[in-house]
Amino acid sequence: MVVLKGIPSIISPELLNVLARMGHGDELVLADANFPTSSIAQAGPVEVRADGHGIPALLEAILQLLPLDQYVESPAIVMDLVTSDMVKGLQTPIWDKYQAIINKAEGKEIRMSQVERFAYYERARKAYAVVATGETALYGNLILKKGVISAGQ
């Protein structure tokens, strides 16, 4: 927990450091409890532990500090369902939560895209950091692309 004015208490010192060090275009993976965080981090991304925290609460806190990239079609990316889960009609209500949180934080509708599972893992390997969470929702992973802060913001 960080004890500073304006920093949400759910943001750990390690996560705050990562957010501060990220540059425009860098990506942050918010990984659900089933995601292979440590394996992915061996490829290069910084591993940050936020065990026990759900992604919606972390997302709300992170978006108080992190601008999303306005120069890309979709600065928020989820992992698409595998074919067998699509056929079963598996629902992903967590995505609606993410969409609402992101839209509120940005003050406008933000496009959230879906990426095939193995392409998602490859993208995660190129991220700046992967945050391991306690999120138990299936397909709860979310990638955020950092944007810029304009002068005067």
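Here a biologist and a modeller talk through a predicted model, one question at a time.

Biologist: Hello! What should I know about this model, and from where are residues numbered?

Modeller: Welcome! This is a predicted model, in which local features need pLDDT of at least 70 and side-chain atom pairs count only at pLDDT 80 or more, while totals for chains, interfaces and linings use all residues. Side-chain values use heavy atoms, with hydrogens and water left out, and residues are numbered along each chain as its sequence is written, from 1.

Biologist: How many helices and strands does the protein have?

Modeller: Helices (H or I, at least four residues) and strands (E, at least two) are DSSP runs, numbered from the N terminus. Along the sequence they follow the pattern α-β-α-β-α-β-α-α-β-α-β-β. The count is six helices and six strands.

Biologist: What is the radius of gyration of the protein?

Modeller: The radius is taken over C-alpha atoms, and the globule rule is 2.2 Å times the number of residues to the power 0.38. For 153 residues that rule gives 15 Å, and the protein comes close to it, so it is as compact as a globular protein of that length. Its C-alpha trace spans about 50 × 35 × 25 Å along the principal axes. The radius of gyration is 15 Å.

Biologist: What percentage of the residues in the protein is buried?

Modeller: Buried means under 20% relative accessible area, exposed means over 50%, and partly exposed is in between (1.4 Å probe, protein chains only). Of the 153 residues, the buried share is 48%.

Biologist: What share of the contacts with a separation of 6 or more comes from residues 24 or more positions apart?

Modeller: A contact means heavy atoms within 4.5 Å. Among contacts with a separation of 6 or more, residues 24 or more positions apart account for 82%.

Biologist: Let's look at strand 1. How many of its residues are buried?

Modeller: Strand 1 covers residues 27-31 and is mostly covered. E27, V29 and A31 point one way, L28 and L30 point the other way, and all are buried. The number is five of five.

Biologist: Which strand pairs with strand 1 in the parallel sense?

Modeller: Two strands pair if DSSP finds at least two bridges between them. With strand 6, strand 1 pairs in the antiparallel sense over four bridges, and L28 stands opposite L144 there. The parallel pairing also runs over four bridges, with V130 as the bridge partner of V29. That parallel partner is strand 5, residues 129-133.

Biologist: Which residue forms a salt bridge with E27 at 2.5 Å?

Modeller: Side chains of opposite charge can pair when their charged atoms come close. A salt bridge here is a side-chain nitrogen of Lys or Arg within 4 Å of a carboxyl oxygen of Asp or Glu. E27 is buried at 8% relative accessibility, whereas its partner is partly exposed at 26%. That partner is R123.

Biologist: Why does that pair tie together distant parts?

Modeller: R123 lies in helix 6 (residues 117-125) and E27 lies in strand 1, so the pair ties together parts 96 residues apart in sequence. The link also belongs to a network of salt bridges, whose members are E27, R123 and K145.

Biologist: Which residue meets E73 in a salt bridge?

Modeller: E73 is exposed, with a relative accessible area of 61%, and its partner is partly exposed at 43%. Their closest approach, N to O, is 3.3 Å. The residue is R111.

Biologist: Where do E122 and R125 lie?

Modeller: Their side chains meet in a salt bridge at 2.9 Å, N to O. E122 is partly exposed at 41% relative accessibility, and R125 is partly exposed at 34%. The two are three residues apart, about one turn, and both lie in helix 6.

Biologist: Last one: which side chain of opposite charge is nearest to K146?

Modeller: Lys and Arg count as positive and Asp and Glu as negative, while His and the chain ends are not counted. K146 follows strand 6 (142-145) in the sequence, and K146 is buried yet has no salt bridge. A polar atom of its side chain does lie 2.7 Å from the backbone oxygen of M22. The nearest side chain of opposite charge is 6.9 Å away, and belongs to D26.

Definitions and conventions: A polar contact is a pair of N or O atoms within 3.5 Å; within protein, one must be able to donate a hydrogen and the other to accept it, and residues adjacent in sequence count only if both atoms are side-chain atoms.
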